[in-house]
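Hi everyone, thanks for making time for this one. I'd like to walk you through a structure, a few residues at a time, so please pull up your viewers and follow along.

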Amino acid sequence: MRIETDIKLGFKDVLIRPKRSTIKSRAQVSLEREFTFLHSHHRWVGTPIIAANMDTVGTFELAAELARHGLITAIHKHYHPGQWGNFLAQQSASVVEHIMVSTGTSDQDMEQLHTIMKQHPQLKFICIDVANGYAEAFVDFVRRCRDAFPEKTITAGNVVTGEMVEELILSGADIVKVGIGPGSVCTTRVKTGVGYPQLSAVIECADAAHGLGGRIISDGGCVSAGDVAKAFGGGADFVMIGGMFAGHDESGGELVERNGRQYKLFYGMSSTTAMEKYVGGVAEYRASEGKTVEVPYRGPVADTIRDILGGVRSTCTYVGASALRELTKRTTFIRVQEQENQTYS
């Protein structure tokens with residue numbers, strides 16, 4: 001046993017210090033990024049925000065809308081190949097450029113991934129998603145995917161430490177997903193005692209990835225546009241969002257009504273709800289590591305997209321970054337003990 005005593009920070013622990021700026025308007029700020037990925041050599045241009053691969057968020061309907069704004073959707077893994085065919089038949093090439101195909105690491109997952117990618121070779125992104133990215137079997141699966149799909153851009157996670165980011169990149173991942181426990185419907189930290197404050201994880205993992213030419217996604221912990229900006233400021237190349245995209249028309253989840261108000265179900269993919277839906281319940285040897293909540297119904301997602309993008313543009317104007325790619329160089333974090341005044345929350 002050992003104890004690390006240096007302080008680790010989450011988004012709630014910091015604010016971004018403003019700096020002199022010559023930018024006259026938020027409209028001058030470009031949120032578009034261009035990446036050429038390490039292993040796939042795939043060039044991608046867009047706004048690097050990703051809807052999480054949860055069945056209440058990463059839907060075909062949300063993907064079509066987010067792509068209109070240049071955002072990516074990691075489609076959840078529970079659509080079957082026939083549903084993929086029906087969806088893609090109706091989409092343009094620009095939408096396809098903003099879609100990730102999600103997979104787990106079972107033999108059945110690999111078989112379905114092969115089927116989808118063979119039927120739809122135009123798809124460019126694969127997202128290999130497990131709760132614990134530290135298992136040797138997971139690293140082996142990443143290697144197998146790289147061998148099987150040498151021209152695809154592979155995302156792998158989740159991890160929170162630099163040495164594991166390096167391991168995954170050297171094993172074939174182009175992008176590493178960073179985050180253990182920060183999600184709004186994740187209970188991993190409560191059930192296991194395992195985790196890492198998200199901002200520190202992003203800062204440390206970005207440093208490790210960029211040294212090898214890889215990229216990272218900050219996955220989880222964003223409850224506001226300001227948190228998205230902090231993740232980018234900390235060095236994240238992409239930011240993945242779950243709860244902020246839940247509850248909309250394009251989101252998944254059952255619509256329910258209580259006391260005259262409408263809600264949509266939102267749950268973690270390791271929750272009892274998800275496991276009962278897809279694998280017949282929680283196995284005897286494990287615990288549920290997610291919760292199920294009712295999110296107020298929020299209508300079309302377009303307003304939420306504009307709110308997030310507008311907030312990040314505003315952050316850039318406060319620190320003098322004319323483009324999103326400049327934000328991390330212009331960011332100075334200050335530790336705080338307060339965020340917003342909630343007198344009238």
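Let's go straight to Cys 186, which is partly exposed, because its relative accessible area is 25% and the buried class stops under 20%. Please keep in mind that this is a predicted model, so everything I quote is computed from predicted coordinates. Cys 186 sits in the loop between S9 and H7. UniProt lists Cys 186 under "active site", and the entry is an unreviewed one. What does Cys 186 touch, once we leave aside its neighbours within four places in sequence? The partners are Gly 181, Glu 289 and Gly 290.

Gly 181 on that list brings us to another annotation. For "binding site", the unreviewed UniProt entry lists Gly 181 and Gly 183. From this set, Gly 183 is part of the lining of the second largest pocket.

Let me take the two glycines in turn. Gly 181 lies in the loop between strand S9, residues 175-178, and helix H7, residues 188-192. Gly 183 is found in the loop between S9 and H7 as well. Buried or partly exposed? Gly 181 counts as buried, because its relative accessible area is 13% and buried means under 20%. Gly 183 has 27% relative accessibility and therefore counts as partly exposed.

Their contacts, not counting residues up to four places away in sequence, go like this. Gly 181 touches Cys 186, Thr 188 and Arg 189. Gly 183, for its part, touches Gly 220 and Gly 221.

Now step back along the chain to Ser 171, in the loop between helix H6, residues 162-170, and S9. Ser 171 is buried, with a relative accessibility of 8%. Where does its side chain reach? The side chain of Ser 171 comes to 2.8 Å from the backbone oxygen of Glu 167. Setting aside sequence neighbours within four places, Ser 171 is also in contact with Val 139, Val 142, Arg 143 and Arg 146.

Next, the nonpolar interior. How many residues are in the largest nonpolar core? The count is 99, and the residues with the most contacts inside this core are Trp 84, Val 228 and Phe 245. Helix H8, residues 198-212, gives the largest share of the core, with seven residues.

If you click on Trp 84, you'll find a long list of partners beyond four places in sequence, including Phe 60, Ile 75, Tyr 79, Met 100, Val 101 and Leu 123. His 120 is another of the residues that Trp 84 touches. His 120 lies in the loop between helix H4, residues 107-119, and strand S7, residues 125-129. With a relative accessible area of 10%, His 120 is buried. Besides Trp 84, His 120 touches Pro 81, Gly 85 and Leu 88, again not counting residues up to four places away.

Back to H8 for a moment, since some of you like to check helix geometry. H8 has 15 residues and spans 21 Å from its first C-alpha to its last, close to the 21 Å expected at 1.5 Å a residue. Its buried residues include Leu 199, Val 202, Cys 205 and Ala 209, and among them are Gln 198 and Ser 200 too. After H8 comes Gly 213, whose phi is positive, near 90°.

Helix H1, residues 60-68, can be read along similar lines. The buried residues of H1 are Phe 60, Leu 62, Ala 63, Glu 65, Leu 66 and Ala 67. What covers them? The cover includes strands S4 (49-51), S5 (72-75) and S6 (99-103), along with helices H2 (81-88), H3 (93-96) and H11 (302-319). H1 is followed by Gly 70, whose phi is positive, near 85°.

One last stop: Leu 327, in helix H12, residues 327-330. Leu 327 is buried, with a relative accessible area of 0%. How far apart are Leu 327 and Lys 230 in sequence and in space? They are 97 residues apart in sequence and 9.4 Å apart in space, C-alpha to C-alpha. Leaving aside neighbours within four places, the contacts of Leu 327 include Ala 229, Phe 232, Gly 233, Thr 315 and Val 319.

That's my tour, and I'm happy to take questions.

Conventions. Residues numbered from 1 in each chain as written. Predicted model: local features only at pLDDT ≥ 70, side-chain atom pairs only at ≥ 80, totals over all residues. Heavy atoms only, no water. UniProt positions renumbered as here; feature names shortened; annotations may be inferred. 1 Å grid on protein atoms, 1.4 Å probe; cavity = no way out; pocket = protein on both sides within 12 Å on 5 of 7 lines; lining within 4 Å. Buried < 20%, exposed > 50% of the residue type's maximum accessible area, 1.4 Å probe, protein only. Contact = heavy atoms within 4.5 Å. Polar contact = N/O pair within 3.5 Å; in protein donor to acceptor, adjacent residues only side chain to side chain. Core = buried A, V, L, I, M, F, W, Y, C linked by side-chain atoms within 4.5 Å. Expected span 1.5 Å × (residues − 1).
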